2 protein chains.
Amino acid sequence: MPKKARKRAKATEVGVRDRLLNAADRLFYQEGVRAVGIDRVLSEADAAKASLYQHFGSKDQLVASYLERRTKNARANIEAYLAGTPPSLRALKFFDWVVAWAESKDFRGCPLQHTVSELTDAAHPARTIAHDQRAWFAERLREWTTAAGVKDSEATARALMVLFDGAVAGSEVDGPQRASDARWMARKLLAG
Amino acid sequence: MPKKARKRAKATEVGVRDRLLNAADRLFYQEGVRAVGIDRVLSEADAAKASLYQHFGSKDQLVASYLERRTKNARANIEAYLAGTPPSLRALKFFDWVVAWAESKDFRGCPLQHTVSELTDAAHPARTIAHDQRAWFAERLREWTTAAGVKDSEATARALMVLFDGAVAGSEVDGPQRASDARWMARKLLAG
DNA sequence: TGACAAATAGACCGATCTGTCTGTATTGAC
DNA sequence: GTCAATACAGACAGATCGGTCTATTTGTCA
């Protein structure tokens, strides 16, 4: 039974829950949460349907968990990326991170934007995750612009949020050039 | 048969094709192209299924036609809005239009962004429409920044594109404040 | 070894999806 | 009045959706 053996090996290495999240992450991000059915997730994760509903209860919750892990990882990722940069330069350095993201092979825009636009139900659990992440991000931007010592740090932070959204949305449609354009603009803004 | 009479009256006023497009426009934009089935469109349009397939051939083509009309209207809308403004001020004035759009009751982000992110198939007919509209828009921005006489008009035009994308995407998630932030930034950029 | 928890496989349900087809009613041109 | 074009109503097909359920297999621990 080599097939089973492979599965079992995977199972002990990773565990069903994580396999499901990994598959959900890849598929939901790459193709959208409405375009991907749970059967696709199950087959990609080599998992049984009962396991999905045991661990997550519903597809909506799986979507929320996917987004939660995504945003959590993104935060850690960004903070690690900026750790070696002096606080006063972090706002600008952040846009290097954005450019690198937009240029990465699997980039396909912002998962938060996608999910919010696909799930119009205001009560969807994934929306809470999205809202929290936006609040965290806005707070970081204020922190960085304050540390940068620019004149109007509040307005500058809000402008950088616009630049970030534009970089990510634009890069999805037109390619990573948009992210570089955003960085160019951020540099200009933070210099003045 | 008052029911039929009502339908007939509507039919002679508007015509099935336009009724279908009107319904598709409202539903697709408001809830997303994957979330809305053709039955919803048919019922909203008071039309028969055969009419939809007679005029459009498939749902994908209906989506493409919806986007085409949307973008065509948007172009006319923007050009009319800017007609009375001197060319040198149009780049900035355009962001007044964006703010007004973001503040409008039914605003729900950019239909192009939504469609591109929902329909990941690169060969989907709607993608051609989206690409054309982006090209038109980029061209207008270059035109306006050139007329504005800024130093680096090419780079400025690209930066304004980022600001536009950020204004629209951000406003969808956080409200129209983002559009105002983008305008603030555009003014700053065009002044320097 | 035997009990137990966790995972698997997959049948099944009702709903919904796009798309096809049949048949009928309405309309305008001649 | 007849005919062709157009639109309507809706049954139907085949696939897929999210979700429930039963039955079996596996790994762990006493």
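Of the 192 residues of chain A in this predicted model, 48% count as buried, where buried means under 20% relative accessible area. The accessible surface of the chain comes to about 9100 Å². Carbon and sulfur atoms contribute 51% of that surface.

The fold of chain A contains 10 helices and zero strands. Read from the N terminus, every element is therefore written as α, giving α-α-α-α-α-α-α-α-α-α. Among contacts in chain A with a separation of 6 or more, 64% are between residues 24 or more positions apart.

Some overall values for chain A are collected here.

| Property of chain A | Value |
|---|---|
| C-alpha trace along the principal axes | about 65 × 35 × 30 Å |
| Accessible surface | about 9100 Å² |
| Distance between the centres of positive and negative side chains | 4 Å |

The last row refers to 31 positive and 24 negative side chains.

One stretch of the chain carries an annotation. An unreviewed UniProt entry assigns "domain: HTH tetR-type" to residues 14–74 of chain A. This span is 79% helix and 0% strand, and the C-alpha atoms at its ends lie 21 Å apart.

The model also holds a second copy, chain B. A turn of 180° with a shift of 0.0 Å along the axis lays chain A on chain B, with an RMSD of 0.0 Å. The two copies are thus related as by a two-fold rotation axis. The same surface serves both copies, as 100% of the contact residues of chain A recur in chain B. Within chain A, the residue closest to the rotation axis is Gly166(A), whose C-alpha lies at 1.8 Å.

Conventions
Residues are numbered from 1 along each chain as its sequence is written. Chains are lettered from A and ligands numbered from 1 in the order in which they are written. This is a predicted model: local features need pLDDT of at least 70, side-chain atom pairs count only at pLDDT 80 or more; totals for chains, interfaces and linings use all residues. Side-chain values use heavy atoms; hydrogens and water are left out. Copies are superposed by least squares on the C-alpha atoms of residues with pLDDT of at least 70 in both. Contact means heavy atoms within 4.5 Å. UniProt positions are given in the numbering used here, feature names are shortened, and annotations may be inferred rather than shown by experiment. Helices (H or I, at least four residues) and strands (E, at least two) are DSSP runs, numbered from the N terminus. Buried means under 20% relative accessible area, exposed over 50%, partly exposed in between (1.4 Å probe, protein chains only). Accessible areas come from the Shrake-Rupley method with a 1.4 Å probe; for residues, only the protein chains shown count as cover. Lys and Arg count as positive and Asp and Glu as negative; His and the chain ends are not counted. The place of a charge is taken as NZ of Lys, CZ of Arg, CG of Asp or CD of Glu.
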